[in-house]
Amino acid sequence: MTGKIVKIYGQGLSQLTCAKLLTLQGYQCDIISPKTAKNMRAAQDPMLVLNDVCVSLLKEFFPEIEWKDIAHPLTYREVLWGKESKVTIVKQPSIVISAKRLQKLIYKQCQLIPSIQFSQYNNSPSAWTINAPDYQPQILTAGTRTMWLA
């Protein structure tokens with residue numbers, strides 16, 4: 001343990017994963033809940049497609065999670081390169097998972113780590129403060145698909 005405390009504002013996927021990584025480096029993390037519900041993202045639950053590299057990292061950071069039980073595996077995708085081309089099948093091992101489900105699983109795993117605490121907003125001193133910018137992602141839709149641009 002370094003003895004240093006890092007405050008992380010929010011409880012999303014990136015904040016929880018950041019806390020896990022910092023604890024592996026010996027830091028203590030204080031994950032601060034948003035002050036108000038208006039700071040929370042919309043109640044939408046997008047499906048995430050995570051490639052094999054992302055899945056490998058998540059399995060390394062959170063080995064306790066039974067990934068095969070919570071996600072749907074994909075082995076390839078169909079790609080259309082330009083208007084005049086035909087569909088090409090590209091091998092791409094990946095999984096599909098609900099963003100909210102993934103966040104809840106990682107949240108539960110972070111609760112088991114003694115050097116991570118969850119608290120309400122406070123002004124206590126910390127070595128670092130990590131805070132995502134306050135923004136609304138751009139949301140594009142095409143048919144039944146939705147893409148969030150950060």
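1. Nonpolar core. In this predicted model, the largest nonpolar core comprises 24 residues, and the members that touch the most others are Phe-62, Trp-67 and Ile-106. At least two residues of this core come from each of the following elements: strands E1 (5–9), E2 (28–32) and E5 (88–98), and helices H1 (13–24), H2 (52–61), H3 (67–70) and H4 (99–111).

2. Ile-106 within the core. Which residues does Ile-106 contact once its neighbours within four places in sequence are left aside? The partners are Leu-13, Leu-16, Thr-17, Leu-58, Phe-62 and Ile-65. One of these, Phe-62, is also named with Ile-106 and Trp-67 among the core members that touch the most others.

3. Overall architecture. The protein chain contains four helices and nine strands. Read from the N terminus, the order of elements is β-α-β-β-α-α-β-β-α-β-β-β-β. Of the contacts in the chain with a separation of 6 or more, 64% join residues that are 24 or more positions apart.

4. Burial and surface. The chain has 150 residues, of which 29% are buried. Its exposed area is about 10600 Å², and carbon and sulfur atoms supply 56% of that area.

5. Lys-20, a buried charged residue. Lys-20 belongs to helix H1. Although buried, Lys-20 has no salt bridge. The nearest side chain of opposite charge is that of Glu-64, at 4.7 Å. That distance does not qualify because a salt bridge requires a side-chain nitrogen of Lys or Arg within 4 Å of a carboxyl oxygen of Asp or Glu.

6. What surrounds Lys-20. A polar atom of the Lys-20 side chain lies 3.0 Å from the backbone oxygen of Phe-61. Beyond its neighbours within four places in sequence, Lys-20 is in contact with Phe-61, Phe-62, Ile-113 and Ile-116. Phe-61 is thus named both for its backbone oxygen and in the list of contacts.

7. Gln-103 in helix H4. Gln-103 is located in helix H4. Is this residue buried or partly exposed? Gln-103 counts as partly exposed because its relative accessible area is 21%, whereas buried means under 20%. With neighbours within four places in sequence set aside, Gln-103 contacts Gln-11, Gly-12, Leu-13 and Leu-16. Gln-103 and Gln-15 are 88 residues apart along the chain, and their C-alpha atoms are separated by 10.0 Å.

8. Tyr-107 in helix H4. Tyr-107 is likewise found in helix H4. With a relative accessible area of 22%, Tyr-107 is classed as partly exposed. Not counting residues up to four places away in sequence, Tyr-107 touches Gln-11, Leu-16 and Phe-118. The C-alpha atoms of Tyr-107 and Gly-12 are 8.4 Å apart in space, with their positions 95 residues apart in sequence. Leu-16 is a partner of Tyr-107, of Gln-103 and of Ile-106.

9. Pro-93 in strand E5. Pro-93 is placed in strand E5. The residue counts as partly exposed because its relative accessibility is 44%. Its contacts, leaving aside neighbours within four places in sequence, are Asn-51, Asp-52, Leu-74 and Thr-75. From Pro-93 to Tyr-76 the C-alpha to C-alpha distance is 6.2 Å, and the two are 17 residues apart in sequence.

10. Cys-54 in helix H2. Cys-54 lies in helix H2. How far apart are Cys-54 and Ser-94, C-alpha to C-alpha? The distance is 8.6 Å, for a pair 40 residues apart in sequence. A relative accessible area of 28% makes Cys-54 partly exposed.

Terms used
Residues numbered from 1 in each chain as written. Predicted model: local features only at pLDDT ≥ 70, side-chain atom pairs only at ≥ 80, totals over all residues. Heavy atoms only, no water. Core = buried A, V, L, I, M, F, W, Y, C linked by side-chain atoms within 4.5 Å. Buried < 20%, exposed > 50% of the residue type's maximum accessible area, 1.4 Å probe, protein only. Contact = heavy atoms within 4.5 Å. Lys, Arg positive; Asp, Glu negative; His and termini not counted. Polar contact = N/O pair within 3.5 Å; in protein donor to acceptor, adjacent residues only side chain to side chain. Areas by Shrake-Rupley, 256 points an atom, 1.4 Å probe, with all protein chains shown as cover.
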